[in-house]
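Open the model in your viewer and keep the selection tool ready. We will go stop by stop.

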Amino acid sequence: MDCIFCKIAAHDIPAKTVFENERLIAFHDLFPQAPVHVLIIPKVHFSTLNDVPQGESALLGEMMSTATTIARELGLADDGYRLVMNCGANGGQSVFHIHLHLLAGRQMSWPPG
Ligand code: AMP
């Protein structure tokens, strides 16, 4: 499958990795939208949130808790940060392998664009 995030997960293309275990890998976004912009992805391929079966909900929880761990480790927890997962065309998703955005280092606005 020609998926750029599968290739990053397999270490076939480089990324600035900040975390990795058997199920997840997290790395800096190539086009950061904030001073800190990290993507947390599962190594297994799901195109969108709609494709994640209920039985895999623990994986989504692990993505979220890993984001909080990374935020703490990068010293972002006290000032705060934003976690975002875009789903599908209207959600603004451009890479069709699910990923959680961790954005930090500036004041976020609301509502998002
Ligand atoms: P989304 O628009 O929610 O699908 O987010 C996809 C994100 O992946 C964007 O923020 C891109 O900048 C980022 N991205 C695309 N290709 C790469 C890459 N090779 N390494 C790191 N981040 C990437």
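**Stop 1: a pocket between strands.** This is a predicted model. Select β4, residues 81–84, and β5, residues 100–104. Each strand gives at least two residues to the lining of the second largest pocket. The volume of this pocket is about 380 Å³. Which residues lie closest to its centre? Select R82, V84, L103, P112 and G113. They belong to a lining of 15 residues. Colour that lining by class: six residues are nonpolar, seven are polar and two are charged.

**Stop 2: the largest pocket.** Now select F5, D29, L30, F31 and L39. These residues lie nearest the centre of the largest pocket. Its volume is about 490 Å³, and 22 residues line it. Which element gives the largest share of the lining? Select α1, residues 4–9. This helix supplies three residues. Then add β2 (24–28) and β3 (36–42), which supply at least two residues each. By class, the lining holds 11 nonpolar, nine polar and two charged residues.

**Stop 3: the largest nonpolar core.** Nonpolar side chains tend to be buried together in soluble globular proteins. Look for that here. Select V38, I40, M63 and L102. Among the 17 residues of the largest nonpolar core, these four touch the most other members. Next, show β2, β3, α2 (57–73) and β5. Each of them gives two or more residues to this core. The largest share, five residues, comes from α2.

Stay with L102 and show what surrounds it. Beyond its neighbours within four places in sequence, L102 is in contact with V36, H37, V38, I40, A67, I70, A71, Y81, R82 and L83. Another core, of eight residues, lies apart from the largest one. To find it, select C3, A9, L39 and I41, which are among its members.

**Stop 4: two histidines in contact.** Select H101, in strand β5. Is H101 buried or exposed? It is buried, because its relative accessible area is 12% and buried means under 20%. Now add H37. The side chains of H101 and H37 make a polar contact at 2.8 Å. Show the other residues that H101 touches, leaving out those up to four places away in sequence. They include D29, V38, L39, R82, L83, V84 and N86.

**Stop 5: two backbone details.** Go to the loop between α1 and β1 (17–20) and select H11. H11 is not a glycine, yet its phi is positive, at about 60°. H11 counts as exposed, because its relative accessibility is 51% and the cut-off for exposed is over 50%.

Then move to the segment after β5 and select P111. Look back along the chain to W110. What form does the peptide bond from W110 to P111 take? The bond is cis, with omega near 5°.

**Stop 6: a long span.** Finish at N90, in helix α3, residues 88–91. N90 is exposed, with a relative accessible area of 86%. Select E22 as well and draw a line between the two C-alpha atoms. The line spans 31 Å in space, and the two residues are 68 residues apart in sequence.

Conventions: Residues numbered from 1 in each chain as written. Predicted model: local features only at pLDDT ≥ 70, side-chain atom pairs only at ≥ 80, totals over all residues. Heavy atoms only, no water. 1 Å grid on protein atoms, 1.4 Å probe; cavity = no way out; pocket = protein on both sides within 12 Å on 5 of 7 lines; lining within 4 Å. Points joined across faces, edges and corners; volume = space filled by probe spheres on them. Helix = DSSP H or I, 4+ residues; strand = E, 2+ residues; numbered from the N terminus. Nonpolar A, V, L, I, M, F, W, Y, C, P; charged D, E, K, R; others polar. Core = buried A, V, L, I, M, F, W, Y, C linked by side-chain atoms within 4.5 Å. Buried < 20%, exposed > 50% of the residue type's maximum accessible area, 1.4 Å probe, protein only. Contact = heavy atoms within 4.5 Å. Polar contact = N/O pair within 3.5 Å; in protein donor to acceptor, adjacent residues only side chain to side chain.
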